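User: Hello! I would like a close look at one part of this protein, the charged side-chain pairs, with a little on how two of the helices meet. Could you walk me through it?

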Amino acid sequence: MNQEDLQAFETRVTLRQVRAEDFEAIVKLQTACFPGMKPWSKDQFESQIEVFPEGQRCIELDGEIVASSASLVVSQSDYADWHAWMEISDGGYIRNHDVEGDTLYGIEIQVHPKCRGMKLARRLYEARKELCREKNLARIVVGGRIPGYAKHKDELTPREYVDAVMTHSLYDPVLTTQLSNGFVLQQLIPDYFPTDEDSAGYATHLEWPNLDYRPGRARRMRRAVDPVRVATVQYQMREIHSFEAFEKQVSFFVDVASDNKADFVLFPELFTLQLLSVVKSHRPGQAARELAAFTPRYLQLFTNLAVRYNINIIGGSTFTLEDETLYNIAYLFRRDGTLERQHKIHVTPNEKRWWGVQGGNTVDVLETDRGRIAILICYDVEFPELVRIVADKGARLLFIPFNTNDRYGYMRVRLCAQARCVENHMYAITSGCVGNLPFVENADIHYAQSAVFTPSDIPFARDGVAAEAVPNLESVIIHDLDTELLRRARREGTVQNWNDRRGDIYRVVWSEGDRNFEV
């Protein structure tokens, strides 16, 4: 399966500003989201775009607008009680938008019913938070509907209903989402939107405080790079009887990582081998090729999960056939629905002997919304030249899916990963399999202690280990990584391995097509 073939599995997710030509699509979306409520008129819509274009956002899914939000900036002192949506929104025209204001006020957010559960609202809320930071606003205020109240209004007062939602006894499609995105309930507002029968006219007043706010500054002083949150899965290999069972297992881990707002989640090398439970062939070479037949379903599954859970997934690795040649390939599934791949370059003797795997020829740096990353599969990290190449290309996060059957093999991966962090001033995230697959030749037993490694210097973790799992127990570890520290360490560290390389006596040379490059 070539790089061009991956496009068939991509789902394009685009967050952008709303444009004038989107009017009919936005009205269609409003009608689907709020049946019975009057959508924007063309005059209201055009006024919003003209007055405050940055505050009007939408999300496209494969070219179709499936979510949107609208907002304006106001001064808190002008609207102390936040009770009247019609007044604060200027009846939807937002002509009262105040460029000198201190509060971003959200007047609408909507997600198409068919796309709910895909965390599209989170993307819109995160975009609002970033806008709030960029404009150095003190807070975001929203007056949220409580549409789930209609089902409970005969037995609960609005306050009792809201209390039940806050304690997770009940679920509300709007309030639950707002609370999970960091908003704090301030008060319950009666007669906020009288025509909203589902909410009985009530709304909640919620706020998100901008901790970066600096009074008197036109714009905030931003950190060079915000921390990157990574999750790595220590995956239990177990016998399964269908692809659906595999899907259920991996979906759980993606859900966990997403709930913890991770930017990346990493799975182990060849964790798909458990699918051999449903393959009849017992000859290793034939079984590996039968496993490769699952690759299209694997690609579709992880593409959907990355979009649905708003997270970048390094989907471990799996066997893939390209022009009848068997490769061990790791795939990056971006949360915008696009895909990339990285072949395993160095194939172990057992991979060649048991399965007939061939090595790839290129090592790539992959662009993501949280910076450049690289993926090296297990054995590849034991070759320092490869990491020199990706470090030179700008990678600061190195993801290492591995699969080892004993502590000796595991320690080779671990020690080399830590060495690469020291040599190149980068972070390494590892993910391995645990458990047993008695029916799989060359992968019947597993040993792992997944971890997050750092350079070994004063600003970083003690022993160069930021986080690690308990050996041989299924688990997920999550950690925040500050890539700004890497830049400083490269420039000002106790030792500066990258800067102190002796290019006058040694270099790494690699080939890409007909061209040679040096580091």
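Which residue forms a salt bridge with Asp369, and how far apart are the closest N and O atoms?

Analyst: Happy to help. Please keep in mind that this is a predicted model.

The partner of Asp369 is Arg335, and their closest N and O atoms are 2.6 Å apart. Asp369 sits in the loop between β13 (366–368) and β14 (371–375), while Arg335 sits in the loop between β11 (325–333) and β12 (339–343), so this salt bridge ties together parts that are 34 residues apart in sequence. The two ends have their own surroundings. Asp369 is partly exposed, with a relative accessibility of 46%. Arg335 has a relative accessibility of 11% and counts as buried, because the cut-off for buried is under 20%. The pair also belongs to a network of salt bridges that links Asp263, Arg335, Asp369 and Arg370.

To put this in context, the count for the model comes to 34 salt bridges. Two others are worth a look beside yours.

One is formed by Arg487 and Glu484, with the closest N and O atoms 2.4 Å apart. Both residues lie in helix α14 (residues 483–492), three residues apart, which is about one turn of the helix. Arg487 is partly exposed at 42% relative accessible area, whereas Glu484 is buried at 9% relative accessibility.

The other is made by the side chains of Glu518 and Arg507, at 2.6 Å from N to O. Glu518 belongs to strand β22 (residues 515–518) and Arg507 to the loop between α14 and β21 (509–512), so here the salt bridge ties together parts that are eleven residues apart in sequence. Glu518 is partly exposed, with a relative accessible area of 48%, and Arg507 counts as exposed at 54% relative accessibility.

Now for the helices. The axes of α12 (residues 384–392) and α13 (residues 407–424) come within 10 Å and cross at roughly 40 degrees. That angle makes α12 oblique to α13, and their crossing is right-handed. On the α12 side, the residues in contact are Pro384, Val387, Arg388 and Ala391, and they meet Arg420, Glu423 and Asn424 of α13. Sorted by class, this contact holds three nonpolar, one polar and three charged residues.

Terms used: Residues numbered from 1 in each chain as written. Predicted model: local features only at pLDDT ≥ 70, side-chain atom pairs only at ≥ 80, totals over all residues. Heavy atoms only, no water. Salt bridge = Lys/Arg side-chain N within 4 Å of Asp/Glu carboxyl O. Helix = DSSP H or I, 4+ residues; strand = E, 2+ residues; numbered from the N terminus. Buried < 20%, exposed > 50% of the residue type's maximum accessible area, 1.4 Å probe, protein only. Axes fitted to C-alpha atoms, helices over the stretch in contact; angles between N-to-C directions. Parallel < 35°, antiparallel > 145°, perpendicular 65-115°, else oblique. Left-handed = near helix turned anticlockwise from the far one by under 90°. Contact = heavy atoms within 4.5 Å. Nonpolar A, V, L, I, M, F, W, Y, C, P; charged D, E, K, R; others polar.
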